[in-house]
Amino acid sequence: STFSLSISAHAQDFDKKQFADNFTQGRLMTEEQFYDTALSTFLVLNKWQPTNSNVSYQVGYLYLQSATEKTKAIPFLEAAVQNMSKKYIPDEPLEKKAPELALFYLAQAYHLDYRFKEAADLFERYKALIPKKLVEIIKDIEHRIGWCYNGIEFIKTPLKCSIENLGDSINSSYPEYSPVITADETTLMFTSRRKGTGGSDNRTLDGSFYEDVWQSNKLPDGKWGEAHLLSKAINTYEHEATIGLSANGQKLFLYKDDQVNGGIYESDLNGDDWQTPEKIG
């Protein structure tokens, strides 16, 4: 989808219709998961109406969807929870209050910021608002509260860890993620959105390459060898992404875009060849 925006960062330059139009476009972009563009839109609306709790809520939610700026959600969600409504109207530009769901997202943001006790208290506060018949939602919140108290215990005895880049035999200038590894740590598979199956023209509507599964093997000197594409039995012109690899490296679980809703597939290694993945029932 393509959206055209005409927005200004100066509060005096907007009228109510312009605000409503941009709010609606921001919500549409959020629904379409164009989170970066939606965030830039709502940040402008936040400058126009800094006391609008609904806009603060939208900004906080969108920061939580970001890859590296999740804790920037905190001040916006803290502002949002000061003015919440049980009768919150989604997608209504005139709505200036935030939904009670803002408590849940602020608790998530505190959790990500290692503010575990504050997160647990907010999850408890949100849980008290949930009707008892919504058993699964309450279970999920209780699970998250458990994570918070685990976090409190874990930070009492921190472990010393080091993070090391695996180098350009694995990494490229494009996204790499979802690594899976065999038990003996000699075979690594991961998902990359670099030029792969289908070559330089095989791209999504936003210009990104499709996901493919890549493999690297550990060399005798302990370094990782040059990554290579798995066979065309695994990689097609659509999305394929790693999920899990069995300890012995003989079974690969992956996500495949099957032009329906996508699904989880498994493939077995037969000698040196991966078999055509089959969808798990």
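A residue counts as buried when its relative accessible area is under 20%. That cut-off will be needed at several stops of this tour, which runs through a predicted model.

**The first stop: S169**

Select S169, in the loop between α7 (135-154) and β1 (176-181). Its relative accessibility is 12%, so S169 counts as buried. Now add E226 to the selection. S169 and E226 stand 57 residues apart in sequence, yet their C-alpha atoms are 4.5 Å apart in space. Extend the selection to W224, G225 and A227: together with E226, these are the residues that S169 touches once residues up to four places away in sequence are set aside. Which backbone atom does the side chain of S169 reach? It is the backbone oxygen of W224, at 3.0 Å.

**The whole chain**

Zoom out to the full protein chain. The chain has seven helices and nine strands. Its C-alpha trace spans about 65 × 50 × 40 Å along the principal axes. The chain has 281 residues, of which 41% count as buried. Consider next the contacts between residues at least 6 apart in sequence: 45% of these join residues at least 24 apart.

**The start of α1: D15**

Select D15, in the segment before α1 (16-31). D15 has a relative accessibility of 44% and therefore counts as partly exposed. Display the side chain of D15 together with the backbone of the residues that follow. A polar atom of the D15 side chain lies 2.6 Å from the backbone nitrogen of Q18. The backbone nitrogen of K17 is 3.2 Å from a polar atom of the same side chain, that of D15. For a sense of distance along this part of the chain, add R27: D15 and R27 are twelve residues apart in sequence, and their C-alpha atoms are 18 Å apart.

**Helix α2: N46**

Move to N46, within helix α2 (residues 35-48). Is N46 buried or exposed? With a relative accessibility of 14%, N46 counts as buried. To see what surrounds N46, select V55, S56, V59 and F76, which N46 touches when residues up to four places away in sequence are not counted.

**The packing of α3 and α5**

Select helix α3 (residues 53-64) and helix α5 (residues 101-112) and hide the rest. Two packed helices are described by the angle between their axes and the distance between the axes. For α3 and α5 the angle is about 40 degrees and the axes are 10 Å apart. That angle makes α3 oblique to α5. Their crossing is left-handed. Show side chains on both helices: α3 contributes Y57, Y61 and L64 to the contact, while α5 contributes L101, A102, Y105, Q108, A109 and L112. How many residues of each class form this contact? Eight are nonpolar and one is polar, with no charged residues.

**Two loops beside α5: D91 and Y114**

Restore the chain and select D91, in the loop between α4 (73-80) and α5. Inspect its backbone: phi of D91 is near 65 degrees, which is positive although the residue is not a glycine. D91 counts as partly exposed because its relative accessibility is 44%.

Continue to Y114, in the loop between α5 and α6 (116-127). Phi of Y114 is also a positive value in a residue other than glycine, near 65 degrees. Y114 has a relative accessible area of 59%, and is therefore exposed.

**The last stop: D258**

Finally, select D258, in the loop between β6 (251-256) and β7 (263-270). Display its side chain with the backbone of G262 and the side chain of K279. The D258 side chain reaches the backbone nitrogen of G262 at 2.9 Å. In addition, the side chains of D258 and K279 make a polar contact at 3.0 Å. To complete the view, select the residues that D258 contacts beyond its neighbours within four places in sequence: G263, Y265 and K279. K279 therefore belongs in both selections, as a polar-contact partner and as one of the residues in contact with D258 under the 4.5 Å cut-off for heavy atoms.

Note on methods:
Residues numbered from 1 in each chain as written. Predicted model: local features only at pLDDT ≥ 70, side-chain atom pairs only at ≥ 80, totals over all residues. Heavy atoms only, no water. Helix = DSSP H or I, 4+ residues; strand = E, 2+ residues; numbered from the N terminus. Buried < 20%, exposed > 50% of the residue type's maximum accessible area, 1.4 Å probe, protein only. Axes fitted to C-alpha atoms, helices over the stretch in contact; angles between N-to-C directions. Parallel < 35°, antiparallel > 145°, perpendicular 65-115°, else oblique. Left-handed = near helix turned anticlockwise from the far one by under 90°. Nonpolar A, V, L, I, M, F, W, Y, C, P; charged D, E, K, R; others polar. Polar contact = N/O pair within 3.5 Å; in protein donor to acceptor, adjacent residues only side chain to side chain.
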